[in-house]
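Hi there,

Here is the structure I promised to pass on. Have a look first, and my notes follow underneath.

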Amino acid sequence: MNDNFLRSKDIAIIAYGETKLERRSGKSPYELASQVAAELLGKTNLTPKDIDGFATTVAMSECTNPFYSNFCVDYLGLSPRWLQTTDLGGCSAAGSVARAAAAIMAGLCETVMLISADAPSTRMGQSYGGYRSEFFEPTGIQGPPGAFGLLMHRYMQEYELKFEALGKLAVAQREGAVLNPNAYEKNRVPITVEDYLTARMVSSPLRLLDSVMYCDGANGLIITSTSRAKKMRANKMVHPVAYAEITNFDCANMTPDITESGFSVVGPEALRKAGLSPKDICSFHPYDDFLIAEMLQLEQIGFCGRGEGSRFLLDTDVSCKGTLPINTGGGQISAGQPGLAGGGLNLVEGVRQLFGEAGQRQVKNSGNAMVTGIGVIPYGRNWGTSCVLILEA
Amino acid sequence: MNPIRAKTSHIPKPSALTKPFWDAAKQKKLVIQYDPDSRCYQWWPRALSVKTGKMNLEWKEVSGNGTLHSYTVTHVPAAGFEDRAPYLVGLVELDEGVRIISNLSGVTEANVKIGMPLRVTWEELTDDINLFSFEPRNMP
């Protein structure tokens, strides 16, 4: 296996686009994707004819359509030579950057439009097969909050979990959402640690402010070869320099450590590929369906040791002015989760920071950014897919 | 028929593959797939062994004993479970080395404890379907 096909910075991200997050917008993912496509084309002076690759992520609101990516490009007026839908849940957007880079380097296409769009607060279409209807749903487990409730209680059995540490992270991300005009408007008010600690219990010990809320929205990137980006005189570009992904970590183990995820593999691997250590990361954009997932990532990627997440968060300024800014635009937890397009939210924020376009929430040091994804809640284990993408200016 | 679940869509519908499990459950017996090559039990039901990739799994009755690996108290119920909330869902580790997500009965938030010994019990959802649940092993 080629150790790092992204090392030479042959791939460039030259634009990002993003809609504002709304609740019950009444829009389809195609309409939301159109808004992002128009923004991407406008920023790059490209026309639909210039786009020869298109990548998208499965949308809950349209997942009953088995020809989703075809419908997308038909709606958008694109005629791609490389087309892909990715169904890695929250890893789909970052995973699509790696897949698009591979497709470009293999010569399948030259300029990829990546768009994630979803409207789960308007329409939900998903239905799970496998074990879910027979052995999971009849127990009344409350989906992802239930699975993360199990995970949190087990973590508390093995390590010390300080809820005020998670509360501090919640407050910092909310400050980001207040400064993010694209965040869901009702969330653009500050919260306190006390608000977090006393929020309504959902699936113990997980509370309302531990969790994301479904919104409608879309986001996207233009990805091309660095040589083409230079020919186009792209005024800004960032490079994906390392990517690592694993699905179904430790899968044949029937009694796994449910507090351990694939990040213990892909975190160190991505850092090694990029030649960086955790302390070199300028801003961190971890997938945040639940606050505890961010703490586990901090530990397993190597920002701190196992079980030290609470101490690390209490000792570290994770605001946009801090030593390790985390999810500076509010993340999904405070800005809103646009369904399965949610992985793209933190990805776009990472690119925005490296472009120096984050306004009042701009981080001081924007030499690189780490973006992660989490995909799928499996049965009685940690999450399904873990991925880490490192971007450099 | 359980008055709460009768209204819901959460009545398991056995397939040809899972029929032996639900047939045993009707007799209040817990059976789990066993991989004779790796000598390991495997849960949830599949057509092949995840250790060897062979389609040679056998259904075997297990003790029904286990311990609580983790739990959550569900305050915001899943659709169809509104009348039960708040209710406990556990991740139960069977003595045979697999973990099952299950309702917990005979135990409350006040006395639930990770590591507590549990045993299987059965909830009659319909005339044909008994659903496993777990209760404290030291119950009378």
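Let me start with the overall size of chain B. For its 140 residues, a compact globule would have a radius of gyration near 14 Å, and chain B comes out at 16 Å, which agrees. Please bear in mind that this is a predicted model. Measured out along the principal axes, the C-alpha trace of chain B covers about 45 × 35 × 30 Å.

On to the secondary structure. Chain B holds one helix and eight strands, and the order along the sequence is α-β-β-β-β-β-β-β-β. As for packing, 36% of the 140 residues in chain B are buried. Among the contacts in chain B with a separation of 6 or more, 52% join residues that are 24 or more positions apart.

Then there is the partner chain. How many residues of chain B are in contact with chain A? The count is 35, and they meet 28 residues of chain A. On the side of chain B that touches chain A, the elements giving two or more residues are strand E2 (40-42), strand E4 (65-74), strand E5 (87-94) and strand E6 (99-104) of chain B. E4(B) provides the largest share of that side, with six residues. Sorted by class, the side of chain B that touches chain A consists of 19 nonpolar, eleven polar and five charged residues.

If you want a place to begin in the viewer, I would go to E4(B), given its largest share of the side that touches chain A.

Happy browsing, and all the best

Terms used
Residues numbered from 1 in each chain as written. Chains lettered and ligands numbered in written order. Predicted model: local features only at pLDDT ≥ 70, side-chain atom pairs only at ≥ 80, totals over all residues. Helix = DSSP H or I, 4+ residues; strand = E, 2+ residues; numbered from the N terminus. Rg over C-alpha atoms; globule rule 2.2 N^0.38 Å. Buried ≥ 20, exposed ≤ 12 C-beta atoms within 10 Å, placed from the backbone. Contact = placed C-beta atoms within 7 Å. Nonpolar A, V, L, I, M, F, W, Y, C, P; charged D, E, K, R; others polar.
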